[in-house]
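Colleague: I am new to this structure and would love a close look at its salt bridges. Could you walk me through them, pair by pair?

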Amino acid sequence: MMTIETNLQHIHYEITEICRECERDPSNIKLIAVSKTKPCFLIEQAIDAGQTIFGENYVQEGVEKIKYFAAHRPDTHLEWHFIGPLQSNKTRLVTEHFDWVHTVDRIKIAQRLNDQRPTFLNKLNVLIQINISNELTKSGITPEQLPQLAAQMSNLPNLVLRGLMFIPKAENEFKKQRETFLKAYDLYSELQQKIAGIDTLSMGMSGDMNAAIASGSNTIRIGSAIFGAREYN
Ligand SMILES: *Cc1c(COP(=O)(O)O)cnc(C)c1O
């Protein structure tokens with residue numbers, strides 16, 4: 001039977017293999033376990049297997065889980081990433097509870113996350129989401145909008161702009177996946193030249209993590225390959 005522990009071992013093995021092929025150091029790849037729609041007892045199994053970094057898409061659900069583990073596992077330090085679309089009326093809850101936000105796509109959202117960040121917390125780590133495949137259904141800015149938004153955001157004292165996040169159009173072929181990821185990597189390196197402290201390129205999910213790592217990703221967001229398929233109702 002597949003368990004969360006064996007799934008995690010398998011992902012770590014795959015990361016090691018792809019890193020060997022492209023001569024990268026596997027310890028430079030951050031693995032975010034995407035636990036959206038999954039109950040706390042499954043997240044707990046991942047924690048018991050050593051996973052401490054989690055991603056959530058829905059504000060209310062994510063905040064409930066963060067509070068649950070703060071109460072039930074007070075000695076286990078967990079890092080929580082908000083990776084879902086963010087409306088401006090939900091920024092307060094997000095900035096009060098999460099450590100990272102991957103989906104900033106306008107200055108209004110960044111400004112609110114900044115203004116509402118509690119002073120007793122560390123600065124909020126943020127990524128700008130770019131809609132690299134230009135899909136109407138996806139959020140994110142265009143590459144052309146990046147310089148301006150990045151410059152505006154780097155003036156916000158309670159945020160740290162750490163890099164970029166991408167969700168490319170789903171493709172089955174490694175070669176096609178890689179083409180898009182390499183474009184993403186170019187945007188990331190350009191931003192690194194301009195702004196100090198840019199160190200995070202968030203791209204790669206269960207279906208395309210190998211191509212993402214081979215193209216320079218250092219943060220992958222893996223859901224179904226760890227927790228199994230999601231059921232929505
Ligand atoms: C759900 C989700 C993931 C994980 O997707 P899987 O295909 O299950 O690995 C990663 N990133 C984002 C933004 C998601 O919404």
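Modeller:

**Salt bridges, pair by pair**

Happily! In this predicted model, a good place to start is Arg162 and Asp199, whose side chains meet in a salt bridge at 2.9 Å from N to O. Arg162 belongs to strand β6 (residues 159-166), while Asp199 sits in the loop between α7 (174-194) and β7 (200-202), so this pair ties together parts that are 37 residues apart in sequence. Asp199 itself is partly exposed, its relative accessible area being 35%.

Salt bridges can also share partners: Glu44, Asp48 and Arg73 are joined in this way into one network.

Next, have a look at Glu79 and Lys30. They form a salt bridge in which the closest N and O atoms are 2.6 Å apart. Here Glu79 lies in strand β3 (residues 79-82) and Lys30 in strand β1 (residues 30-34), so the pair links parts that are 49 residues apart in sequence. With a relative accessible area of 23%, Lys30 is partly exposed.

Another pair to find is Arg106 with Asp105, a salt bridge whose closest N and O atoms are 2.9 Å apart. The two partners fall into separate classes of accessibility: Arg106 counts as partly exposed at 33%, whereas Asp105, at 18%, counts as buried. The cut-off explains this, because buried means under 20% relative accessible area.

As for the whole model, the count comes to 10 salt bridges, and the pairs described here are among them, including Glu79 with Lys30 and Arg162 with Asp199.

Note on methods: Residues numbered from 1 in each chain as written. Predicted model: local features only at pLDDT ≥ 70, side-chain atom pairs only at ≥ 80, totals over all residues. Heavy atoms only, no water. Salt bridge = Lys/Arg side-chain N within 4 Å of Asp/Glu carboxyl O. Helix = DSSP H or I, 4+ residues; strand = E, 2+ residues; numbered from the N terminus. Buried < 20%, exposed > 50% of the residue type's maximum accessible area, 1.4 Å probe, protein only.
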